[in-house]
Structures are given as C-alpha cells and as structure tokens.
Amino acid sequence: MSKPSRNLVELRFELNGKDLTVECEPQQTLSEVLRNRLNLTGTKISCEVQVCGACTVLVDGLPVSSCTYLAYEAQGHSVTTIEGLEDAGRKLHPIQQCFIDEFAFQCGFCTPGMILSAKALLDDVPDPTDDEIIHHMDGNLCRCTGYVPIVKAIRKAAAVMKEARG
Amino acid sequence: MSEEKSRDFEVVNRSVPRRDGRAKVSGRALYVSDVKLAGMAHVKVLRSPYAHARIVSMDTSAAETHRGVCNVLRGDDLEGLNPYFGHAVKDHPLIAIDKVRYAGEPVAAVIAEDELTAYEALELIRVEYQELPAVMEPGESLEKTAPLLHERQFEAGALRGFEGEVTAGRGSNLCQEHHVKWGDVDAAFARAAAVVEGEYYFPMAYAYAMEPYVAIAEVGDDGVTLYSSAQHPFMVRHDLKTIFDMPVSRIRLIVPFVGGGYGSKSYTKIEPLVSACAWKARRPVKLQLSVEEAMLTTRGDDALTWMRTAVDADGKIIARQAKIYMNTGAYAENSPLVCEKSSNRCVGPYAIPNVQIDNYSVYTNTVPASSFRGFGCAQVTMAGESQIDELAARIGKDPYEFRLDNVARPKQEFFPGMRPFDGTLTQDLRIVADNIGWKEPLPRGHGRSIGCSASDAGAYPLTSTAVRVHADGSVSLMIGSTELGQGSHTVLPQIAAEELGVSFDVVRVVSSDTAITPYDRSTGASRTTTLMGRAVQEASREAKEQMVRMAADVLGVEESEIESVRGGVTCGEARLNWSEVLTRYYKLPDGEVIGRAYIRKDGDFAQLPVFWEAASTGIEVSVDEETGKVTMEKLGTAGDVGLAINPALAEGQDIGAATTGMGIGMFEELEFDGNQLLNGNLLEYRLPRFSDMPRSVKLELVENRDGVGPYGAKGGGEASLNSLPANIANAVYNATGARVRRAPLTPEKVWRAIREARATGGENKS
C-alpha cells in the first residue's frame with residue numbers, strides 16, 4: 001500500500017498578518033488547509049453545510065464559512081483566524097476577554113466562530129443595537145449558552161473597544 | 001450577584017471566571033478532532049440504505065486494493081473479538097453482523113491513509129441486501145405479526161443501571177418495561193371530582209452537540225488506548241474490556257475537552273468500531289463523524305403517553321395513571337434506564353396518593369435512542385404539566401395556585417421508598433411567577449404559563465478522587481469527570497481552594513484519563529458538582545488531616561496540640577502554611593501529600609436518588625393566529641440548586657437547558673419518510689437561534705443548602721428543559737384557546753389547532 005498522490009496547487013495569502021505560501025489540493029476547503037496542513041485547529045468544523053457558523057474565519061475582514069470556502073479562493077486575500085486575535089504581547093482581544101467575563105461559552109466549540117463573527121460586526125458597526133447584534137449573529141449556532149450571555153458579551157466588547165478608541 | 005451570600009465562604013458561591021476561559025476563546029482548547037498521532041490512518045464508514053435487511057454478500061476486494069487503503073473492516077471478519085456491546089443490554093454489534101436494523105447502520109469501515117481515499121474506497125464496496133419488513137413505531141412493533149429485530153437473547157450489561165430484568169430478545173420487540181404502582185387508582189378515579197385524560201407526544205429529537213462523535217484508537221502490546229469525545233470514559237472502558245477480553249488496566253480512555261454532550265455522548269458510541277479498526281490495521285486510526293452521521297448514531301427517545309389525572313372536591317390531586325410507549329430504535333443503548341426514569345418522573349413533583357404507571361420501551365428500525373439531557377423526564381412532563389393546566393382549567397383554579405397547593409413539600413416522601421424531597425418548589429414557583437408578571441394583564445394574542453418538575457437525579461453514587469497537595473502549596477485534582485462545558489474544571493478547584501485555604505489560581509484539574517484519574521462512574525444526570533464535588537471536599541479534608549500529622553511530626557508535638565487554620569496550621573507561636581509543613585517534613589522543597597475520597601452508595605448517599613433535581617420555569621408567548629407562529633417573549637427560571645458553587649455557571653446551565661427545551665417545544669423533530677430519516681442534517685433540522693430567544697430573561701437560583709453535595713449543593717442543568725415543552729403548549733392554550741398535545745408546536749400544528757378550536761367553539765381535540 002502506498003500514499004495516494006494528488007495534484008497540488010500553490011496558494012499565497014496573508015494569514016493573521018503574515019504572508020504565507022502553501023501547497024494544497026484544488027478541492028480542499030480553507031478549513032482543511034488551516035486545520036490539517038497548517039495545524040491551526042482553533043477553527044472548528046461542525047455542520048459542513050454553512051448553517052452553524054463554527055468554522056467562521058474572516059477574509060478581508062468579512063466572515064466566511066471556511067468549511068465550504070475553497071482554499072484557492074483565498075488566493076491573494078487576507079485571512080484572520082482565532083489564532084490571530086491576541087496582540088503581540090499575548091493580550092486577548094476585547095471580544096475574547098468579554099466572552100470570558102460574561103460566561104459567553106460553555107463547551108467552547110462554537111466560540112472561535114462566534115468571536116470572529118462578532119469581530120466582523122464590531123469592526124463595521126462599532127456601536128450596534130441588540131437587534132443588530134442578533135441579526136448579525138443569527139448564522140452562528142450555540143447549543144450551550146442560550147445566546148443571551150453572548151449578546152451581553154458583544155455589547156460589552158463594543159463599549160470596551162469604544163473606550164479604547166477614546 | 002451573590003456577594004451578600006458569599007460571606008460564609010472565601011472561594012465558593014462566587015462567580016469566578018471559567019478556568020478554561022483563555023484556552024476556549026483563543027482556539028487553543030484541545031478537542032479530540034484536533035488530535036493527531038504519528039502514523040495515524042483515517043476511517044470512513046459505509047452505512048446501510050435499508051432499515052431492516054439481511055446482508056446476503058459483501059465484496060470489498062476493490063476497496064482493499066484501492067491505492068492508499070490499509071484495510072476494510074467487516075462484520076464477518078471479527079474473529080478474536082467479542083463484537084457485542086451495551087452497558088444495559090449487550091445487543092449492539094460494533095459493525096453490522098449478518099443483518100442491519102436501521103438505515104444508517106455501519107456495515108463496513110475503510111481504513112486509509114487519508115480521509116478522501118477512505119471515502120473513495122467506500123464507493124467500491126458492493127453489498128447485496130435482502131430487504132426485510134421494517135417496523136418504525138412502537139405500536140406496529142409490538143403487534144404479534146411484527147418482524148423481530150433481535151432473534152437472540154441477550155446478557156444484561158454489567159453496568160446496566162436499571163432495576164428490572166432484561167426483557168430484550170425474549171421473542172418480541174419489547175426492549176424493556178417498567179411499572180410503578182401505589183394506592184388504588186381505580187377507586188380514586190371513581191370518586192374523583194374532576195378528571196382529565198389525553199394522549200401526548202414528545203418528539204424524536206437530536207441533541208446536536210456541535211462537535212460530532214470522534215475517536216482515535218491504538219491497539220498495541222500494552223492494550224487499547226483511545227482518545228474519545230465520550231462523556232463517561234469509565235463506562236466505555238467496561239465495554240472495551242469485554243470486546244477485547246482484557247483487564248481494565250490495559251484499556252485507557254483519554255477525554256480532552258468535549259464539544260458539547262447533553263447526554264448524546266454518554267455511554268459507548270463509536271469507540272468499539274474505531275478500536276476494532278485499529279486492531280485490524282495495527283496502527284492508530286481516527287474516525288471523525290459528520291453531523292449527518294452523528295444524527296444516525298444517537299437520538300432521544302420519542303414517547304407517546306396516555307395519561308389521566310384526578311382531583312377531589314378540595315382541588316387536591318388524588319390520582320395519576322399513565323401508559324407510555326417509548327421508541328428506543330434498533331438497539332437498547334441507555335433506553336432501559338430512560339424507560340425506568342420516565343416512569344418515576346411521571347409523578348412529577350406532586351404528592352399523589354394513587355399512582356399507576358406502565359411503561360414500555362420498544363425496538364424499532366430507527367436510529368438507536370439513548371440519553372438526552374433530562375432523559376425520561378422531559379418526555380413525560382410534556383404530558384404531566386399539560387394535564388396540570390388542563391385540570392386547573394376544568395375546576396376553575398389558577399394553574400399557578402393549583403401547583404402551589406399540590407407540589408411536594410420539603411422533606412416529604414412523595415415517592416415511596418425514595419429520598420424525601422430536598423427542594424422547595426413553592427418558593428421556586430413564586431419567584432418565577434413574580435419574574436414573569438403572573439398576575440399582570442396580557443396583550444391580545446399573548447399567553448403565559450408556569451411549570452415545574454422534579455426528577456430523581458444524580459445517577460449512581462460511585463465516584464473517587466485524589467487531591468495532590470504539592471510542596472509549593474499548589475494542588476492537582478485528579479478528576480475522572482469530563483469537562484463538557486458545564487464548568488467542572490472551575491467548580492471543583494473552587495471547592496478544593498475553599499477546603500484547603502489556598503488560592504483558586506494554584507488549583508488545577510487533571511481530567512478524565514482512565515489510566516491516571518481515579519474512577520468516576522459518569523458525567524451526567526447533573527451529578528458532578530454533587531458527587532465529585534463532595535469527593536473533592538472529602539479528599540481535601542483527608543489531605544489536611546495528613547498534613548496536620550506531618551506538622552505534629554516536624555514540630556515534635558502531639559497531634560492534639562496542632563490547630564488547623566485556613567491554609568495551614570498553628571501550634572503555640574508557630575504558624576506553618578501547607579508548603580512549609582511539606583518542605584519541613586520531606587526536608588526538601590518538593591514532594592506531596594495525596595488526599596483521597598471514595599463515594600459509594602452508603603451514608604449520605606445510601607438512599608436514591610442522590611438528589612431531586614427541581615426547578616420552575618415560566619414563559620410568556622405571543623401567537624400569530626394567521627400563521628400559527630409562536631414567539632417566546634419572556635422566560636423565567638428558578639433552579640433549586642441547594643447552593644451554587646459558581647452562580648454564573650449554574651445560571652448558564654438553566655438558560656442552556658431552557659433553550660434546548662424551547663427547541664423541542666417549538667421546532668425540533670426528526671422525521672421519517674417511510675424507512676428513511678427525512679431531515680437528518682442541519683439544513684432541515686431546525687434548531688434554536690439567536691433570534692428565537694426571548695428579550696426578557698430572568699434567571700434565579702434558590703439556595704437553601706438542602707442537598708447532599710458540598711455545602712448543601714445539588715445538581716442543576718436539566719430541570720429547566722423538562723417543563724419547557726409543556727410550558728409552550730400551556731402558554732399557547734392561554735393565548736389562543738387551542739390545546740396542542742404533540743410537541744413540537746410548529747406553526748402548522750398551532751394554526752390547525754386554532755382553526756379546530758374556532759370551528760368547535762372551544763376545546764379542540766388534537
């Protein structure tokens with residue numbers, strides 16, 4: 001028995017602020033490249049049909065479901081995963097800290113996707129209403145928390161980020 | 001939130017941040033899906049397209065020679081293994097042998113270098129089936145002419161957990177039956193002032209833990225090692241012991257963080273199949289199921305309940321009778337226990353002098369049913385709490401007042417032979433009534449309801465732990481319980497820190513590795529805070545006793561002269577903290593002391609249940625009568641938890657459970673079209689989302705320190721689910737006058753019920 005051989009393509013993109021070149025198979029999804037080839041396992045896989053939001057990453061700041069987004073589509077773009085949110089001094093992003101403060105997760109499996117979806121919202125709408133938060137986050141499922149603490153965490157993060165901007 | 005109450009304690013009863021917080025918000029928390037072993041191959045599973053069929057032949061030769069394929073595992077090639085497992089009934093083959101019993105059952109498994117190759121090879125397997133008549137519902141399954149699912153008689157599993165004899169495999173499709181009886185129901189119903197009677201359905205539901213089942217196995221000279229998403233690794237170990245005929249010391253299960261369980265990951269699932277593949281391939285293998293496959297692995301039992309309840313002229317409930325048919329699917333899994341528990345939980349939290357419950361759990365050619373958060377209780381509380389409202393309406397009483405008059409009182413032995421009631425439901429109900437504005441006027445189209453439940457929870461009390469106090473004063477807790485998100489990695493260190501008088505930050509959990517952590521029977525039935533919490537408390541105290549003896553030794557005094565204080569000891573002028581005691585004892589700044597505790601069915605835990613899990617829930621809904629769409633506007637919960645070790649975590653359990661209950665009450669149902677599961681994917685199986693949540697949510701905890709857990713704690717996390725489906729049915733009735741007795745209350749069902757109620761000028765029959 002021998003290893004199967006497959007066609008490989010070269011993929012260049014920016015990942016968490018650093019330029020990267022990686023070989024991947026044309027049919028591979030972004031989540032497969034992130035998880036299997038780059039060992040960035042913070043991106044979680046659940047429904048695989050773009051319903052649950054667990055695999056959410058940001059491409060040029062916009063949330064995409066990496067379970068169905070072909071890795072090749074990221075060519076030349078900027079990708080942010082949960083591993084890219086802490087600053088250089090290992091300080092958590094305010095959204096991450098507010099998720100801890102507000103008990104906005106339990107099992108944690110939806111959390112990376114939740115946080116990245118929330119980041120896309122707050123980068124675009126710095127001071128969202130609860131309705132805007134709920135509308136924006138409706139594509140992310142959580143089975144533990146009943147969502148209410150997540151809305152609170154995002155509201156609080158908006159305030160913290162606003163204060164930081166001065 | 002509980003600052004005032006926390007005066008009694010330094011560390012417990014405070015909402016300290018989760019210990020796993022940083023790992024989980026940064027993507028570094030490790031789940032089995034993230035684990036890779038050197039030399040690891042991947043497994044994919046071929047599943048039966050038929051609900052019931054004989055396997056006539058199978059040709060796997062093309063798959064076996066496909067480039068990149070290591071092996072193919074088949075049911076007719078398991079020589080050397082005992083292929084049947086089941087903690088309750090050993091009826092479940094690790095892969096189909098001779099026949100398949102539900103559409104989706106594994107019939108062959110390909111082990112290959114990568115996942116894609118394994119998928120490709122599945123296409124190359126040819127199976128010839130001879131289709132057999134299938135039975136999909138308990139009613140048809142119990143008919144004399146029904147085809148038998150299981151021809152052989154089974155052994156009871158060694159850890160079966162239910163009281164009755166094994167019924168499975170005795171010439172019918174009856175998997176298990178359970179009966180509860182006291183008083184004289186016939187006489188009571190004959191003299192009743194009012195009776196309500198009806199049939200209620202609780203749907204087939206899927207727990208949807210976001211992390212689908214996953215396991216990695218390696219079988220070598222040392223034995224079997226598995227990484228698994230199992231809730232109860234020690235129970236899985238017992239099944240593997242039989243499969244491989246090995247002592248438990250050679251079977252190791254390692255459970256890192258689990259991406260949600262809600263009962264669906266309790267007991268043994270894919271571990272026998274994965275370890276058989278590793279045994280066959282002689283290398284480590286990983287099986288990662290998709291969500292669609294997870295939906296073909298386990299679901300909750302659906303239940304059809306006929307129930308009648310009677311009151312006397314004073315408005316006291318005098319009798320309840322129920323007959324329940326539960327659909328356990330193709331294999332018993334945990335359904336024999338679900339059957340027993342749902343029988344017990346029919347009585348509800350009410351003191352009823354005449355009771356008769358007859359419960360039948362029936363095999364069908366559907367996905368095997370097993371535990372699902374609150375198992376058994378939610379199924380029958382749909383009937384029980386609906387009937388309480390129906391009965392109150394019949395006698396013209398307010399359903400809230402009617403409950404206050406009839407709920408079990410503290411210390412009342414409302415279930416003969418069981419632990420006297422250890423909660424305060426009247427207080428729970430009052431809190432919720434206040435928080436949802438029970439007496440306030442309602443807008444048109446709105447309805448309110450209040451409900452409650454009490455279930456015999458805590459599972460079986462068999463738990464042990466070791467608390468290691470190190471010479472630098474830090475502490476390791478050796479915890480067999482799994483961290484599913486419920487927060488045991490936070491709550492248990494709070495208890496140890498409280499007892500040992502050390503900082504919460506220096507206490508760490510070593511979790512769920514059967515080769516390292518002492519035995520804990522299970523992580524379910526809301527038992528961990530109560531049983532493991534109590535074990536950690538006792539083991540911490542035992543460590544302190546040992547350190548007091550060490551202090552006496554190093555100070556050269558009698559033990560009686562040593563006084564134990566927070567974080568250390570004093571003796572006259574001398575004051576030593578634990579680090580100083582150990583350093584002086586060992587004459588080096590290193591070494592440790594190990595405190596132990598063994599919890600068994602004795603002493604405080606002699607009488608079951610370990611505790612009654614009780615809560616009250618109340619809601620307000622609005623109903624769009626043109627479309628039948630129900631919107632939940634308000635939710636109130638009161639969790640009767642004895643003492644919340646971490647109030648924020650306890651409240652998180654209550655709202656999480658209530659949300660799951662809302663999903664089952666309003667949206668969720670696995671539907672079959674003929675023999676095939678119709679909506680076995682997340683595009684078509686509707687789950688609660690952000691926009692479904694009520695805008696007003698009020699969570700409260702009732703802390704009367706009346707449990708047997710540490711500081712009077714009891715478990716929580718199921719009760720707020722149990723009453724929710726009936727809450728929704730009752731609130732919809734109060735909003736529209738239409739009574740719906742089948743969950744979920746989808747827009748179509750509600751719309752039809754409203755039409756029917758209008759047409760008949762009142763009570764509808766559906």
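**Entry 1: a buried lysine and its partners**

I began with Lys24(B), which counts as buried at 1% relative accessibility. The model is a predicted one, and I read each entry with that in mind. I then looked up the partner of Lys24(B) and found a salt bridge with Asp20(B), the closest N and O atoms being 2.8 Å apart. Asp20(B) is also buried, because its relative accessible area of 3% falls under the 20% limit.

**Entry 2: two further salt bridges in chain B**

I next took the pair Asp76(B) and Arg74(B), whose side chains meet in a salt bridge at 2.9 Å, N to O. Asp76(B) counts as exposed at 57% relative accessibility, whereas Arg74(B) is buried at 15%.

I turned to Glu620(B), which forms a salt bridge with Lys634(B); the closest N and O atoms are 3.7 Å apart. Glu620(B) belongs to strand E28 (residues 611-624) and Lys634(B) to strand E29 (residues 629-640) of chain B, so this pair ties together parts that are 14 residues apart in sequence. Glu620(B) is buried, with a relative accessible area of 6%, and Lys634(B) is partly exposed, with 22%.

I noted that Arg18(B), Asp20(B), Lys24(B) and Glu483(B) are joined into one network by salt bridges that share partners. Over all chains I recorded 52 salt bridges.

**Entry 3: the interface of chains A and B**

How many salt bridges lie between chain B and chain A? I recorded seven. I looked up one cross-chain pair, Asp138(A) and Arg689(B), whose side chains meet in a salt bridge at 3.8 Å, N to O. I also recorded 24 residue pairs in polar contact across this interface, both residues at pLDDT 80 or more.

I listed the elements that give two or more residues to the side of chain B that touches chain A: helix H1 (21-25), strand E3 (69-74), helix H3 (115-122), helix H8 (291-294) and helix H16 (647-666) of chain B. H16(B) gives the most, with eight residues. By class, this side of chain B has 28 nonpolar, 18 polar and 17 charged residues.

I then noted that 63 residues of chain B are in contact with 56 residues of chain A. The two chains bury about 4700 Å² between them, 58% of it on carbon and sulfur atoms. Val25(B), Met210(B) and Phe690(B) supply 20% of the area that chain B buries against chain A, more than any other three residues.

**Entry 4: nonpolar cores**

I looked up the largest nonpolar core, which has 145 residues; Phe99(A) and Leu94(B) have the most contacts inside it. Apart from this core lies another of 53 residues, among them Val16(B), Val467(B), Ile479(B) and Val507(B). Beyond four places in sequence, the contacts of Leu94(B) include Leu73(B), Phe85(B), Ile243(B) and Pro272(B).

**Entry 5: two single residues**

Is Thr528(B) buried or exposed? I found Thr528(B) buried, with a relative accessible area of 8%. Thr528(B) lies in helix H14 (residues 528-555) of chain B. Leaving aside neighbours within four places in sequence, Thr528(B) is in contact with residues including Ser481(B), Gln486(B) and Leu492(B).

I closed with Glu155(B), found in the loop between helix H4 (138-141) and strand E9 (174-182) of chain B. Glu155(B) is exposed, with a relative accessible area of 54%. Not counting residues up to four places away in sequence, Glu155(B) touches Val89(B) and Lys90(B).

Notes. Residues are numbered from 1 along each chain as its sequence is written. Chains are lettered from A and ligands numbered from 1 in the order in which they are written. This is a predicted model: local features need pLDDT of at least 70, side-chain atom pairs count only at pLDDT 80 or more; totals for chains, interfaces and linings use all residues. Side-chain values use heavy atoms; hydrogens and water are left out. A nonpolar core is a set of buried Ala, Val, Leu, Ile, Met, Phe, Trp, Tyr and Cys residues joined through side-chain atoms within 4.5 Å. Buried means under 20% relative accessible area, exposed over 50%, partly exposed in between (1.4 Å probe, protein chains only). Contact means heavy atoms within 4.5 Å. Buried area is the accessible area (1.4 Å probe) that two parts lose on being put together, summed over both. A salt bridge is a side-chain nitrogen of Lys or Arg within 4 Å of a carboxyl oxygen of Asp or Glu. A polar contact is a pair of N or O atoms within 3.5 Å; within protein, one must be able to donate a hydrogen and the other to accept it, and residues adjacent in sequence count only if both atoms are side-chain atoms. Helices (H or I, at least four residues) and strands (E, at least two) are DSSP runs, numbered from the N terminus. Ala, Val, Leu, Ile, Met, Phe, Trp, Tyr, Cys and Pro count as nonpolar, Asp, Glu, Lys and Arg as charged, and the others, Gly among them, as polar.
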